[in-house]
Amino acid sequence: MQQQFNYISPYLKHTSKTVDTTVSTFCSKSGFAYINRIKTLDSLAEKIETGRFERWSDIDDLFACTIIIPNLSYEENVIKFLKTTFCEVHLKRRGTTLKAPDVFRFDSTRFIGKLISREGDENNPIFNIKFEIQIRTAFEHAWIAATHPLIYKSEKIDWKRYRLAAQLKAVVEQMDMLVMGFDQASEFISENAWPEVEAKQTIIEQIKNAFLKNQLPKELEPKDWTRFSDNIYNMLIATNEAQEMNPIKRHRYVKAGLKIIIKELDELKPPQVPISISLVQLIFGILSKHKFLKPPLGGYIPIITNELLIFYPSVKVFEKSFLFEN
């Protein structure tokens, strides 16, 4: 085994480096996490001693790596990438093996591949080394990383430990299912009133309406409406007055601020609306102009640029602002 392992090692290193570079670059561009490993001689010996393999060429994970996706909706695109990048030997999709409905165990999708050979290189050992690429969801990976050492690297054989690992896997499957049907599942949640959430909904509703009515130019539209509503809400409640209010009064306070903003936009309208400042800066300028926002602001640091000072000189009263230098 040592001799065979030594013989294959240089070719394995070349293959693993090529696969590692290709897959890690794909993951980096896609925002996926990625891990890899080359099998050690001891680990290889344990694998062969399982008695499941007839010959050396049956071993398909001397090099293995894992792509960790946010949820199952990303899996098809990853499979498409692997199929077009490598020579597919075998694809074992999740859910394609026989399994009783009350069994919960490892079931991630596995792609077994080889490097694509050029004409005349078919007999080069580099192109005959199989490698494995697993595709796991973030929840699956957390389950494997947390339980694998406790079950398979332990000196104990304990029914309760196996049972607990299976129960945790059942939870993982449930979480992945809920994420895939997030919008549909959330419809079954009993909703409670909470003024802060309602206030942020009002912010999004009124500012979106301003865009629909062409009171704001498209250039200022936020890329992330949830983050935008958080920022405006935090700005509005940063005054000393709002800091002392309970959640219900704060909601009314936010509505009062929005009323000022919408009235100003009604009067302003494009092309008078400046696009050299951000929408958050524009709203900050409007609220300071009407003295709705006054220093000091608790926990909110505005971005006061020269452009904002030109359009809204009233922001000069705020001595504290974001510093672009160290």
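## Phe 63 and strand β2

Phe 63 touches Leu 12, Ser 16, Val 19, Asp 20, Tyr 34, Asn 36, Arg 37, Ile 38, Phe 131 and Glu 132, when residues up to four places away in sequence are not counted. This and everything that follows refers to a predicted model. The residue lies in strand β2, which covers residues 63–69, and Phe 63 counts as buried because its relative accessibility is 2%, where buried means under 20%. One of its partners, Asp 20, is 43 residues from Phe 63 in sequence, yet the two C-alpha atoms are 9.4 Å apart in space.

## Phe 32 and the cysteines

Phe 32 is placed in the loop between α1 (2–30) and β1 (33–38), and with 12% relative accessibility Phe 32 also counts as buried. Leaving out residues up to four places away in sequence, Phe 32 touches Phe 26, Cys 27, Ile 67, Ile 68, Ile 69, Pro 70, Tyr 74 and Val 78. By contrast with these contacts, Gly 181 is 149 residues from Phe 32 in sequence and 21 Å from it in space, C-alpha to C-alpha.

A search of the whole structure for disulfides finds zero. Cys 27, which is among the residues that Phe 32 touches, is in no disulfide, and the nearest cysteine sulfur, that of Cys 65, is 7.7 Å away. Since a disulfide requires sulfur atoms within 2.5 Å, the 7.7 Å between the sulfur of Cys 65 and that of Cys 27 is too far for a bond. Both residues are nevertheless buried, Cys 27 with a relative accessible area of 1% and Cys 65 at 2% relative accessibility.

## The nonpolar cores

In soluble globular proteins, nonpolar side chains tend to be buried together. Here the largest nonpolar core has 41 residues, and those with the most contacts inside it are Ile 203, Ile 207, Leu 216, Leu 279, Leu 282, Ile 283 and Phe 284. The elements that give two or more residues to this core are α7 (195–212), α8 (225–236), α10 (247–268) and α11 (279–289), and α10 gives the most, with seven residues. A second, separate core has 30 residues, including Ile 67, Ile 69, Leu 82 and Leu 115.

Leu 279, one of the residues with the most contacts in the largest core, touches Ile 207, Phe 211, Leu 216, Leu 220, Pro 222 and Phe 228, not counting residues up to four places away in sequence.

## Helix α11

Helix α11 is mostly covered, with nine of its eleven residues buried. The buried residues are Leu 279, Gln 281, Leu 282, Ile 283, Phe 284, Gly 285, Ile 286, Leu 287 and Ser 288, and they pack against α7, α8, α10 and α12 (306–311). Just after α11, Lys 291 takes a positive phi of about 60°.

## Two helix pairs

Two packed helices are described by the angle between their axes and the distance between the axes. The axes of α7 and α10 come within 9 Å and cross at roughly 10°, and the two helices are therefore roughly parallel to each other. Their contact is made by Pro 195, Glu 198, Ala 199, Thr 202, Ile 203, Gln 206, Ile 207 and Ala 210 of α7, together with Pro 247, Ile 248, His 251, Val 254, Leu 258, Ile 261, Ile 262 and Leu 265 of α10. By class, the residues of this contact divide into twelve nonpolar, three polar and one charged.

For helix α4 (residues 138–152) and helix α5 (residues 159–180), the axes likewise come within 9 Å, but they cross at roughly 175°, so α4 and α5 are roughly antiparallel to each other. From α4 the contact draws on Phe 139, Glu 140, Trp 143, Thr 147, Leu 150 and Ile 151, and from α5 on Arg 161, Tyr 162, Ala 165, Leu 168, Lys 169, Val 172, Met 175, Asp 176 and Val 179. The contact of α4 with α5 has ten nonpolar, one polar and four charged residues.

## Gln 215 in the loop after α7

Gln 215 is found in the loop between α7 and α8, and with a relative accessible area of 3% Gln 215 is buried. Leaving aside neighbours within four places in sequence, Gln 215 is in contact with Ala 210, Ile 262, Leu 265, Asp 266, Lys 269, Pro 270 and Val 273. Among these partners, Ala 210 of α7 and Ile 262 and Leu 265 of α10 also take part in the contact between those two helices.

Definitions and conventions: Residues are numbered from 1 along each chain as its sequence is written. This is a predicted model: local features need pLDDT of at least 70, side-chain atom pairs count only at pLDDT 80 or more; totals for chains, interfaces and linings use all residues. Side-chain values use heavy atoms; hydrogens and water are left out. A nonpolar core is a set of buried Ala, Val, Leu, Ile, Met, Phe, Trp, Tyr and Cys residues joined through side-chain atoms within 4.5 Å. Buried means under 20% relative accessible area, exposed over 50%, partly exposed in between (1.4 Å probe, protein chains only). Helices (H or I, at least four residues) and strands (E, at least two) are DSSP runs, numbered from the N terminus. Contact means heavy atoms within 4.5 Å. Axes are lines fitted to C-alpha atoms, for helices over the stretch in contact, and angles run from 0 to 180 degrees between N-to-C directions. Angles under 35 degrees count as roughly parallel, over 145 as roughly antiparallel, 65 to 115 as roughly perpendicular and the rest as oblique. Ala, Val, Leu, Ile, Met, Phe, Trp, Tyr, Cys and Pro count as nonpolar, Asp, Glu, Lys and Arg as charged, and the others, Gly among them, as polar.
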